[in-house]
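Reader: I should like to learn how the descriptive terms for a protein model are justified. May we go through them one at a time?

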Amino acid sequence: MRYKNKDKNMESGTESEFLELIRNEKEANRYVAKGLRVCSVIGIIAWVLNILDIFIVPNEIMNLAMPIVIAFFMLPTLICKITGGEQIWIKYVVMSCAIFGIFVLSSAMSKHGVLLWTLPLMLSCHYYSRKLTIITLILSWVLFSPSVYIALFFGEWDQNLLDAAYYSGERIVTSELVYNATLYFVFTRALTLLGISVICTTLGRRTRKLLEMQIKDSEIRQRISTELDVATQIQADMLPRIFPAFPERPEFDIYATMNPAKEVGGDFYDFFMVDDRHLAIVVADVSGKGVPAALFMVIGKTLIKDHTKPDRDLGAVFTEVNDLLCESNNSGLFITAFEGVLDLVTGEFCFVNAGHDLPFIAKSGEPYMPYKVRSCFVLAGMEGMKYTGGSIQLAPGDKIFQYTDGVTEATNAQMELYGMERLKSILKKNTALPPDELLAAVKADVDVFVGEAPQFDDMTMLCVEYLKAMPE
């Protein structure tokens, strides 16, 4: 199955590469057609200037050649408009129009021949195809020489050609003149075209490689993006997100949110019933961001939940979790974490803090205030650390708000921090709100403060309200 999937991926990559090259050829056809339209406009201007005797090309030559040249140069635009420019064969037709247009023009005015014949070669670079540039060169060579000989008989008399052939006098074409013109004029200019074609083929080949690399990079980015979307969903599914969380429990109300700064984040929250009378809450922040932090988050969250048992001291829980995290911490990450367990019968709230932010507690009828708790060392920072917890007595109507530093360290465009004072103020104004509405109010206030500035850190909040005591 693995090899089958690999083959499918290769087929998909080949198909996407083919489609990308088709899109490039469509765009190249459009640009080449546009270039030839510009050349046709220049040809019309030259034709008009010749009629006004500003140019001195014989009128009979100009009147015969320019309509044909303009028709060849305008034909690609018409073809692209009719067909859409997506078919494979269109590029060959477009380049043929350019070559035959230059052939007619070169036959009429040979003195500009070499300069004119560079046009198809340069236009071929739009297709990023070494093969097409070589074909263009060969066809240009095939038609360049006849255009010179036609110009000897019918085109504009080129004194440069005659000088190259050591000839002066009346316009009489002889075999010696043809020979000398071939040796000293056609051959040398053909070599010039060869040199230009080498540059064009090198440019086309290099650009083609860059395009192929871009296609592969795009496929890799798309695959990573897809995988990150899956990781985001997996991470979100690991956090309890169904609210109300315990509708059958009238003793408390709880709500939590997590907004990652990237597709996946290192923050996490958790809440669960340790047993029938004890509710555990966890809020934590893994150092760093992205996939490594998210993977370490999964490990930390799982260990904390697995080791939280009824009647077990939370300091002992963090002590054991810390040692386990240190064993598998090759990336040098660490976790700041806060865990609390609420006894729904007595209202005792036991907690342990591993380098995390202070919680806010609102006593019934009073505003939220930061509650100073002992802060131990971060988890996974050093093996053999001992953690000790504490406790506080809660009464019905009391609330606990916990968060990560993504809230207080949210930054606006002026690089100002949201800070503890703003958090304290918004909590105080909304003390009476239930947990879900309180978190929404805090998030809205942070968003207004941050404005259009990007989110630099994960933002996690949790609020629990102790509603009434559970009967023993």
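Reader: What area does the chain expose, and how much of it do carbon and sulfur atoms supply?

Author: The chain exposes about 24,200 Å², and carbon and sulfur atoms supply 60% of this area. Accessible areas come from the Shrake-Rupley method with a 1.4 Å probe, and for residues only the protein chains shown count as cover. This is a predicted model, in which local features need pLDDT of at least 70 and side-chain atom pairs count only at pLDDT 80 or more, while totals for chains, interfaces and linings use all residues. Residues are numbered from 1 along each chain as its sequence is written, and side-chain values use heavy atoms, leaving out hydrogens and water.

Reader: Why is α2 called roughly antiparallel to α3?

Author: Helix α2 (residues 59-83) and helix α3 (residues 90-108) pack at an angle of about 170°, with their axes 9 Å apart. Angles under 35 degrees count as roughly parallel, over 145 as roughly antiparallel, 65 to 115 as roughly perpendicular and the rest as oblique. The helices α2 and α3 are therefore roughly antiparallel.

Reader: What classes of residue make up the contact of α2 with α3?

Author: The contact (heavy atoms within 4.5 Å) has 21 nonpolar, two polar and no charged residues. Ala, Val, Leu, Ile, Met, Phe, Trp, Tyr, Cys and Pro count as nonpolar, Asp, Glu, Lys and Arg as charged, and the others, Gly among them, as polar. Among the residues in contact are F72 and F73 of α2 and F100 and G101 of α3.

Reader: Why is the pair of W117 and F144 called edge-to-face?

Author: Rings of Phe, Tyr and Trp (its six-membered ring) pair if their centres lie within 6.5 Å; planes under 30 degrees apart count as stacked, over 60 as edge-to-face and the rest as tilted. The count comes to 16 aromatic pairs. The ring centres of W117 and F144 are 6.2 Å apart and the planes stand at 85°, so this pair is edge-to-face. W117 lies in helix α4 and F144 in helix α5, so the pair ties together parts 27 residues apart in sequence.

Reader: What makes the pair of F243 and F271 tilted?

Author: The centres of F243 and F271 are 5.9 Å apart, and the angle between the planes is 45°.

Reader: How do you know whether F243 and F271 are buried or exposed?

Author: Buried means under 20% relative accessible area, exposed over 50%, and partly exposed in between (1.4 Å probe, protein chains only). F243, with 25%, is therefore partly exposed, whereas F271, with 5%, is buried.

Notes: Axes fitted to C-alpha atoms, helices over the stretch in contact; angles between N-to-C directions. Helix = DSSP H or I, 4+ residues; strand = E, 2+ residues; numbered from the N terminus.
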